[in-house]
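Student: Before I use this structure, I would like to understand how its overall descriptors are justified. Could we look at it together and set each value against its definition?

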Amino acid sequence: MTEAIVIVDFGSQYSQLIVRRLRELGVYSELLPFHAPAEQAKALNPRGIILSGGPASVYAPGAPQLPAWVAAMHVPVLGICYGMQLIAQAHGGAVTPSDEREFGPADIVVEHSDSPLFAALPASQRVWMSHGDALTRLPPGFHPIAHSPNSPYAAMGDETRHWYGLQFHPEVNHTPHGKELLGNFAYRICGVQGGWTPEVIIDQAIERIQTQVGSERVICGLSGGVDSAVAAVLIGRAVGERLTCIFVDTGLLRQGEAEQVITTFRDHLHIPLIAVNAAEEFLSALEGIAEPEAKRRIIGEKFVRIFEREAKQLGDVRFLAQGTLYPDVIESTAADRNVAAKIKTHHNVGGLPADMQMQLVEPLRYLFKDEVRAVGLELGLPPEWVWRHPFPGPGLAVRIIGPVTYERAETLRRADAIFQAELRRAGVERATQQAFAVLLPIQSVGVMGDFRTYADVIALRAVTTEDFMTADWSRLPDEVLQRTANRIVNEVPAVNRVVYDITSKPPATIEWE
């Protein structure tokens, strides 16, 4: 079994970043809610445990407490922010509201350079703080390792038991040496050997699929994106001819998407594929629906009903596969991860109907986008497919703000195609990790020729990101934006204004709905 470090989740929106950083270091890690039973943690046979941050105060009534099984494991423990404060409180320290709260960058000074946690790291370094409470008294057996101007105990440790605490967040990019620090905890303190590679991911995924499915048949919902494509190829490796892919044209796809999917899977990958044109079904079901969560629920149920209908044509099919990723699960606050606040429902997680007849097979459920891309390349998917920009399962329905109609979908489809073409023409498509157009629910006054116009507004969105959990807006060249805007207002009849979204995530999400 792969070595593991367990992350205990206390509700921080950064919790999944801890998992991602460790996996980037070649160490398998998994996120468990703080109320997970001891057996679930023991099953992973962890070499170490990390306690995440969280929004609560450890001294508040009803605040999440340190699970008893953490100490019972007798492995190294690292507490981050709330996790550090939990360790302190549980072992006789004191945590109180701070007069000097720290939110944002701070400079720490390492007092004990011999601590393995800070081995080979600078004595003075920039970190990212996010806390309103402070540790005011160390618990017995712990000593200070680092301090900041407003945190006398920015890091603490008990070298005998190998328990450590950090008041700052090493998992975020704003802590430049944070990844190295987590590497010190994993390799120097926990003694892991690493080995979490695409090859290992593939082998374990195939084994899990075969265990779950047995000798049964599987259908895979193929959207055209990299996630469902990788899931399909993995399942094909696991079950062979017992896999049939179903591609549903919802009428809400990008320009040329349907033809590209059919050609790639039938002709190049030679995976059995059924193509279903259900544009009228989806557009009819969405008629008059403006609320985004309602759109997602309708689309999620419609997909499942079509898959069930097609499965009956194939005979007795009990398993439905899809390309759900870890961020989908986290943002939807699925049943197995109900600590953090729900951001939005993903159509393939929270939007599935309760009476769905088939069991889900989700080989990518605990993988991040970069891991999926690496697996896709290892499986032999074409690089141009692996590096495609993500496209939401509900398609253009969640990029059309307000009600969805055929005419509005066609307007957005044409505008988006122009944006993609100009990014490719300028050679900057790979410089941004996701780029798309959004059709706004407003119209604006314009002048075209000698005539007054009152037409639609298109917003362009492009972001740079490593993990899709946080993102910054892309500084695209002015000439690319100018050409894109000029082409859209000249070539898309219903549009007379184009704007560019310069909001990062957070506070915004990448998608508008």
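Student: How do you know what share of the contacts between residues at least 6 apart in sequence joins residues at least 24 apart?
Tutor: In this predicted model, a contact requires heavy atoms within 4.5 Å, and among such contacts between residues at least 6 apart in sequence, 75% join residues at least 24 apart.

Student: What makes the radius of gyration of the chain agree or disagree with that of a compact globule?
Tutor: The globule rule is 2.2 Å times the number of residues to the power 0.38, and because the chain has 513 residues, the rule gives a value near 24 Å, with which the 25 Å of the chain agrees. Along its principal axes, the C-alpha trace spans about 75 × 65 × 40 Å.

Student: What percentage of the residues count as buried?
Tutor: Buried means under 20% relative accessible area, and 58% of the 513 residues of the chain count as buried. The chain exposes about 20,900 Å², of which carbon and sulfur atoms supply 52%.

Student: Why is the space with a volume of about 380 Å³ called a pocket?
Tutor: A cavity is a set of points from which the probe cannot get out, whereas a pocket is an open set, so the name pocket tells us that this space is open. This largest pocket has a volume of about 380 Å³, and the closest to its centre of its 15 lining residues are Arg254, Arg388, Gln420, Arg424 and Glu429.

Student: Which classes of residue make up the lining of the largest pocket?
Tutor: Asp, Glu, Lys and Arg count as charged, and the lining has 8 charged, 5 polar and 2 nonpolar residues. Helix 14 gives the most to this lining, with 4 residues.

Conventions:
Residues numbered from 1 in each chain as written. Predicted model: local features only at pLDDT ≥ 70, side-chain atom pairs only at ≥ 80, totals over all residues. Heavy atoms only, no water. 1 Å grid on protein atoms, 1.4 Å probe; cavity = no way out; pocket = protein on both sides within 12 Å on 5 of 7 lines; lining within 4 Å. Points joined across faces, edges and corners; volume = space filled by probe spheres on them. Helix = DSSP H or I, 4+ residues; strand = E, 2+ residues; numbered from the N terminus. Buried < 20%, exposed > 50% of the residue type's maximum accessible area, 1.4 Å probe, protein only. Areas by Shrake-Rupley, 256 points an atom, 1.4 Å probe, with all protein chains shown as cover.
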